[in-house]
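Hi,

Here is the structure I said I'd pass on. Open it next to this email and click along as you read; my notes follow below.

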Amino acid sequence: MNETSAGRSGFPPAYLDRVGSSFTDFLAATAPDLLPGRRPVPQLPVGDIAPHGTTIVSVTYEGGVLMGGDRRATMGNLISSRDIEKVYPADAWSVIGIAGAAGIAIEMVRLYQVELEHYEKIEGLTLSLDGKANRLAQMIRGNLGAALQGLAVVPLFAGYDLDAAPDTSPGRIFSYDVTGGNYEERGYTAVGSGSLFARNSLKKTWRPGLAEDAATRSLVESLYDAADDDSATGGPDPVRRLYPIVYRVDAEGAVRLPDDEVAAVAAGIIDERSAADGQG
């Protein structure tokens, strides 16, 4: 395709010559300034003045995988938002949770959603779960410069493996570091400021082969325990009707659990804790 014919079609040559399936690569060629990692890097650390998302938790269960996150974002020692959403569907079979610099993280999630949709439209098939995890690692690696100035993005990725071998769990979880390192987790994991407390909670309540209801309770309880010890993690807020965002990914795809369902689980945990305190 030459420039003359491209001009007749009304599109620049890059829009017609590119045959790759990566939208991020296409954007790097046509409008690199729109990529989060290609923007000017601050010369001084700015992490304390940018809103940060905190705790994200993911657990596997007998039919798939769950991911949930609290609703609080912090800016230094201040609460910048009480109702931020940190867990999003990446595509029909996977979800992504964000911890770190909230603005860059949300922008990265939107770009990642387009990346997966673009691949599916160009190739005519869905990228494998391992392929999705690797694509996300490349995007995180592109943000390394900003991460070194306090604007790190450390997501959590999970999905239902359509190619899982028989007698193996189809739910899989992947964690990352700021350099784009990609690590598959077994059973459960957490990221963010309250992750230490969430993992300690999951260590006691999670076990292989949990039913969905039990796994949901284990996840919500881990976020409750994280909020109990980490000031940057927000606990259930019945007054404002703010509860963790929880997604389920199984053979039917990625679905957000209704707020009323999550609220009922949180209320049960609160009632049990209150009763235990009363007996003491």
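Let's start at Tyr-160: buried or exposed? Its relative accessibility is 17%, and the cut-off for buried is under 20%, so Tyr-160 counts as buried. Keep in mind throughout that this is a predicted model.

Tyr-160 also brings us to the aromatic rings. How many aromatic pairs are there? The count comes to 4. In one of them, the ring centres of Trp-93 and Tyr-160 are 6.2 Å apart and the planes sit at 35 degrees, so this pair is tilted. Trp-93 is in the loop between β6 (87-91) and β7 (94-97), while Tyr-160 belongs to strand β9 (residues 156-160), so the pair ties together parts that are 67 residues apart in sequence.

Now look at Tyr-112 and Phe-157. Their ring centres are 6.0 Å apart, but the planes are at 85 degrees, so this pair is edge-to-face. It also links distant parts of the chain, with Tyr-112 in helix α4 and Phe-157 in strand β9, 45 residues apart. Both Tyr-112 and Phe-157 are buried. Add Phe-174 to these two and you have one aromatic cluster.

Since Tyr-112 took us to α4, have a look at that helix too. It covers residues 102-123, which is 22 residues, and spans 31 Å from its first C-alpha to its last, close to the 32 Å expected at 1.5 Å a residue. Its buried residues include Ala-102, Met-108, Leu-111, Glu-115 and His-118, along with Tyr-112 itself. Right after α4 comes Gly-124, with a positive phi near 75 degrees.

Next, try helix α7 (residues 195-205). Which residues are buried there? They are Ser-195, Ala-198, Ser-201 and Leu-202. These residues cover an arc of only 125 degrees around the axis, which puts them on the same side of α7. If that spacing looks familiar from lectures, an α-helix has 3.6 residues a turn, so residues three or four places apart point the same way. On the other side of α7, you'll find Lys-203 and Lys-204 exposed. And what covers the buried residues of α7? The cover includes β2 (56-61), β12 (188-191) and α8 (212-229).

Two of those covering elements, β2 and β12, are part of an open sheet of 5 strands, in the order β12-β2-β3-β13-β14 with antiparallel pairing. The edge strands are β12 and β14 (253-256), each pairing on one side only. On average, neighbouring strands in this sheet are turned by 15 degrees against each other, direction ignored. For a detail to zoom in on, β2 and strand β3 (residues 64-69) pair in the antiparallel sense over 6 bridges, and Thr-60 stands opposite Val-65 in β3.

Helices lie across this sheet as well. α7 lies across β2 and β12, running at about 165 degrees to β12. α8 lies across β2, β3 and β13 (245-250), and runs at about 160 degrees to β2.

Last, the whole chain: there are 9 helices and 14 strands. Of the 280 residues, 49% are buried. Taking contacts between residues at least 6 apart in sequence, 63% join residues at least 24 apart.

Have fun clicking around!

Technical notes
Residues are numbered from 1 along each chain as its sequence is written. This is a predicted model: local features need pLDDT of at least 70, side-chain atom pairs count only at pLDDT 80 or more; totals for chains, interfaces and linings use all residues. Side-chain values use heavy atoms; hydrogens and water are left out. Helices (H or I, at least four residues) and strands (E, at least two) are DSSP runs, numbered from the N terminus. The expected span of a helix is 1.5 Å times one less than its number of residues. Buried means under 20% relative accessible area, exposed over 50%, partly exposed in between (1.4 Å probe, protein chains only). Rings of Phe, Tyr and Trp (its six-membered ring) pair if their centres lie within 6.5 Å; planes under 30 degrees apart count as stacked, over 60 as edge-to-face and the rest as tilted. The arc is that of the directions from the helix axis to the C-beta atoms. Contact means heavy atoms within 4.5 Å. Two strands pair if DSSP finds at least two bridges between them. Axes are lines fitted to C-alpha atoms, for helices over the stretch in contact, and angles run from 0 to 180 degrees between N-to-C directions.
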